[in-house]
Amino acid sequence: MVLSGFATTEGTARYRQHFAAHAAPGHFRQQDGLWLSSVGVGTYLGEPDAETDRRYARAIARALELGSNVIDTAINYRLQRSERSVATALRTLMEQGKLARDEVVVCTKAGFLTFDGEPAPDALAYFQEHYVQPGVFSPDDVAAGAHCMTPRFLEDQLERSRRNLDLDTIDVFYLHNPEMQLTVVLREEFLRRMRAAFEGLEKWVAAGRIRRYGTATWDGYRKPPEAPDYLSLEELVNLAEAVGGPGHHFKAIQLPYSLAMPEAFLRPNQTVAGEKLSLLAAARRLGITVFASASTLQGQVTRNFPDQFRAHLNGKLRTDAQRAIQFVRSTPGVGVALVGMSRVEHVEENLHLLQVPVQSQEEFLQLFQRV
């Protein structure tokens, strides 16, 4: 059964109201007309097997029950199986009457080549049969042997994601690590490819298949401007405006941000109207919602949590995982802190934060001086 509809102001406000008696100030924040939980569920890690499918479905459903209404996935995560686990969780809660489609924000990504459910014994033959021969892409469209963002390929991936997720409309659809293209083409050609992708994305918004789009990156927004794979947020917003006009739908970005990777807050590597700004400040200036990935850097932050921070983060925090997430979601300019959670016990530990106020900006700035 395909679920119709999409996240709305009214629906996400209703979801927020369900937790009015328990949610501390700052847990829900309004971004681009939607009420988003400060902690979202990531679905990247794990084996492409049935047991991990079941764990993710249970964990996602539990997160939605406990006050996290943002789910982040990608078609290549666990070879399309993470998207299908998201579908299982949504369908289960909706059938039980515990969730409505307009209350939850579902984000996915496309750009990396992926198999379907399990690795193919012959990768070259698989992509030849499923992509090259049907004309989805040509070998010349693929960068670094793994990445493609032609409109034809993105549309193919979008339709696969809609089927995997059992959704008529996806709330946020990201170009996944577009900076990889800059490893094989000059910037002028890169911008031409981005423009073609944005033209397709605006068309799919108009058709109701997605609501908004963006870029989910790893390196591009954190690098200095002279780096070959650097991304200028202003340049991309201007490109979206050239394609879609002032009402364009380039509204979200994702990048890693944590105690171990603080560049988005610390590094003034972006320029907006001639002013040097950090990525987070630039996004705020340009009206872009920031989703912070790798909030615990796959557990690395929690295994090496700085002793000096424990005494200066909210005293109601019980674990270093909670402290790491609190740091990210309290950072000015961060919309949602994404955390990979494939186990119910991790969901319950991390969503204790629903009851904990975020650090004030003054408290955060004092805290950040200790980095």
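# A guided tour, starting at Arg222

Begin by selecting Arg222, which sits in the loop running between strand E7 (210–216) and helix H7 (233–244). Bear in mind throughout the tour that what you have open is a predicted model. With a relative accessibility of 11%, Arg222 counts as buried, because buried means under 20% relative accessible area. Now add Glu263 to the selection and show both side chains: the side chain of Arg222 makes a polar contact with that of Glu263, at 3.1 Å.

**Two arginines over rings**

Two other arginines are worth selecting next, each together with an aromatic partner. Select Arg16 with Trp35, and you will find Arg16 over the face of Trp35, 3.9 Å from the ring centre. Then select Arg211 with Phe6, where the arginine lies over the face of the Phe6 ring, at 3.8 Å from its centre.

**Rings that pair with rings**

How many aromatic pairs does a search of the whole structure find? The search finds 18 of them. For one of these, select Tyr126 and Phe127, whose ring centres are 5.2 Å apart and whose planes stand at 85°, so the pair is edge-to-face. Tyr126 counts as buried at 13% relative accessibility, and Phe127 counts as buried at 14%.

For another arrangement, select Tyr257 and Phe327, where the ring centres are 6.0 Å apart and the planes lie at 15°, so this pair is stacked. Tyr257 lies in the loop between strand E8 (250–256) and helix H8 (263–266), while Phe327 belongs to helix H12, so the pair ties together parts that are 70 residues apart in sequence. Both Tyr257 and Phe327 are buried.

Before you leave the rings, select Phe115, Tyr126, Phe127, Tyr131, Phe137 and Phe153 together, since ring pairs link these residues into a cluster.

**A cavity**

A search of the whole structure finds one cavity of 30 Å³ or more, and the largest cavity holds about 70 Å³ of space. To see what surrounds the space, select Gln31, Asp32, Leu34, Leu36, Val105, Val172, Arg212, Lys251, Ala252, Thr289 and Phe291, which line the largest cavity. Colouring by secondary structure helps here, as strand E2 (34–37), strand E8 and strand E11 (289–293) each supply at least two residues of this lining. By type, the lining residues of the largest cavity divide into six nonpolar, two polar and three charged.

**The largest pocket**

Move on to the largest pocket, in which about 860 Å³ of space lies. Its lining is made up of 37 residues, and a good way in is to select Tyr44, Leu45, Ala294, Gln298 and Gly340, which lie nearest the centre of the pocket. Which elements each supply at least two residues of the lining of the largest pocket? They include helix H2 (50–66), helix H12 (320–329), strand E12 (336–340) and helix H13 (344–350). The residues of this lining divide into 14 nonpolar, 18 polar and five charged.

**Residues with a positive phi**

Most residues other than glycine have a negative phi. With that in mind, select Leu79, whose phi is near 55°, a positive value in a residue other than glycine. Leu79 is placed in the loop between strand E4 (70–72) and helix H3 (81–95), and it counts as buried at 16% relative accessibility.

Next select Asp166, for which phi is near 55°, again a positive value in a residue other than glycine. Asp166 is found in the loop between helix H5 (151–165) and strand E6 (170–176), and with a relative accessible area of 18% it is buried.

**Last stops**

Select His22, in the loop between helix H1 (9–18) and strand E1 (28–31). Is His22 buried or exposed? His22 is exposed, with a relative accessible area of 52%. Add Leu66 and measure from C-alpha to C-alpha: His22 and Leu66 are 44 residues apart in sequence and 10.0 Å apart in space.

Finish at Gln300, which is found in helix H10 (residues 300–303) and counts as partly exposed at 40% relative accessibility. If you also select Pro178, 122 residues from Gln300 along the chain, the C-alpha atoms of the two are separated by 26 Å.

Terms used: Residues are numbered from 1 along each chain as its sequence is written. This is a predicted model: local features need pLDDT of at least 70, side-chain atom pairs count only at pLDDT 80 or more; totals for chains, interfaces and linings use all residues. Side-chain values use heavy atoms; hydrogens and water are left out. Helices (H or I, at least four residues) and strands (E, at least two) are DSSP runs, numbered from the N terminus. Buried means under 20% relative accessible area, exposed over 50%, partly exposed in between (1.4 Å probe, protein chains only). On a 1 Å grid over the protein atoms alone, a cavity is a set of points where a 1.4 Å probe fits but cannot get out, and a pocket is an open set with protein on both sides within 12 Å along at least five of seven lines; lining residues have an atom within 4 Å of a point. Grid points are joined across faces, edges and corners, and a volume is the space filled by probe spheres set on the points. Ala, Val, Leu, Ile, Met, Phe, Trp, Tyr, Cys and Pro count as nonpolar, Asp, Glu, Lys and Arg as charged, and the others, Gly among them, as polar. Rings of Phe, Tyr and Trp (its six-membered ring) pair if their centres lie within 6.5 Å; planes under 30 degrees apart count as stacked, over 60 as edge-to-face and the rest as tilted. A charge sits over a ring if NZ of Lys or CZ of Arg is within 6 Å of the ring centre and within 35 degrees of the ring normal. A polar contact is a pair of N or O atoms within 3.5 Å; within protein, one must be able to donate a hydrogen and the other to accept it, and residues adjacent in sequence count only if both atoms are side-chain atoms.
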